[in-house]
Amino acid sequence: MKLLIVNPNTSRPMTEGIAAAARAVAAHGTRIEAVCPSFGPLSIEGHFDETVAAAGVAEQVKRHAGPGAVEPPDGIVIACFGDPGLDAAREVSGAPVLGIAEAAFHAASFLATGFSVVTTMTRTCVIAEHLVQKYGFEPRCRGVHGTDIPVLALEDGGAGCVDAIEAAAREALVRDRSGAIVLGCAGMAALCAELSARLGVPVIDGVAAAVKFSEALIGLGLRTSGHGDYARPLPKTYLGWAAPLGW
Ligand code: 2AL
């Protein structure tokens with residue numbers, strides 16, 4: 001099967017790192033293709049970044065999985081913790097589309113009664129909190145914690161950031177009475193094994209979780225509902241720079 005991983009930011013090193021993390025857990029026979037938008041922010045650290053990045057996700061999903069796409073994917077993963085453009089992508093493709101935050105929340109909930117999220121900039125905490133509410137995970141998510149690590153500090157794998165993330169996670173486990181840690185940025189994927197070993201509790205990287213859940217859904221023959229709000233977008237003209245995104 002083919003999985004399309006869309007990194008919503010435009011950092012090529014981070015896109016490659018996310019692809020490596022996805023390939024590390026992918027089953028034999030799963031092919032990973034990782035892409036990022038042709039425009040938009042190098043990192044996503046706030047609402048404006050995220051809004052522009054969501055349009056970039058729409059661009060890539062339409063290009064790779066929309067009408068006329070050559071060899072469309074069997075599944076799609078949106079690899080930024082704000083899950084930008086997730087609902088839009090589900091309108092474009094009948095293949096399952098998973099966001100890494102949603103996948104990580106589900107995984108953590110299988111493993112602990114409560115989890116904490118450790119993320120990058122403190123200002124992005126509210127984005128994760130909004131997703132917790134949207135997805136209905138308030139009973140399980142006991143806290144979202146910023147480290148003020150800039151996303152691009154994680155571009156090379158983030159080895160220099162592991163101590164700070166560990167410290168924040170340790171504090172969260174105690175303060176929140178949590179049993180698991182969710183990593184709140186796709187750029188933290190390469191640190192998951194090291195943090196798991198150091199912390200001794202389940203540490204969930206959403207990229208890996210989304211890849212494995214995608215494989216499971218595809219294996220079950222399940223597809224995104226095309227009924228109701230996830231029906232294909234209505235045909236219409238888009239103006240200006242968005243003209244190629246029209247239907
Ligand atoms: C992210 C992420 O996963 N990628 C990005 O650019 N920003 N999320 C975050 N909380 O910093």
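**View 1. T119 meets the ligand.** A polar side-chain atom of T119 sits 3.0 Å from a nitrogen atom of the ligand, which fits a polar contact (a pair of N or O atoms within 3.5 Å). Keep in mind that this is a predicted model, where local features need pLDDT of at least 70, side-chain atom pairs count only at pLDDT 80 or more, and totals for chains, interfaces and linings use all residues. Residues are numbered from 1 along each chain as its sequence is written, and side-chain values use heavy atoms, leaving out hydrogens and water.

**View 2. Backbone atoms around the ligand.** Here a polar backbone atom of I44 is 2.8 Å from a nitrogen atom of the ligand. For G184, a polar backbone atom is 3.0 Å from a ligand nitrogen. Taken alone, the ligand exposes 300 Å², and the protein buries 96% of that (areas by the Shrake-Rupley method with a 1.4 Å probe).

**View 3. Helix α6 from end to end.** Helix α6 (a DSSP run of H or I, at least four residues) covers residues 162–175. Its 14 residues reach 20 Å from first C-alpha to last, close to the 20 Å expected at 1.5 Å a residue (1.5 Å times one less than the number of residues). Just after α6, R177 takes a positive phi of about 55°.

**View 4. The two sides of α6.** Which residues of α6 are buried (under 20% relative accessible area, 1.4 Å probe, protein chains only)? They are V162, I165, E166, A168, A169, A172 and L173. These cover an arc of only 165° around the axis (using directions from the axis to the C-beta atoms), so they lie on the same side of α6. On the other side, D163, V174 and R175 are exposed (over 50%).

Definitions and conventions:
Helix = DSSP H or I, 4+ residues; strand = E, 2+ residues; numbered from the N terminus. Polar contact = N/O pair within 3.5 Å; in protein donor to acceptor, adjacent residues only side chain to side chain.
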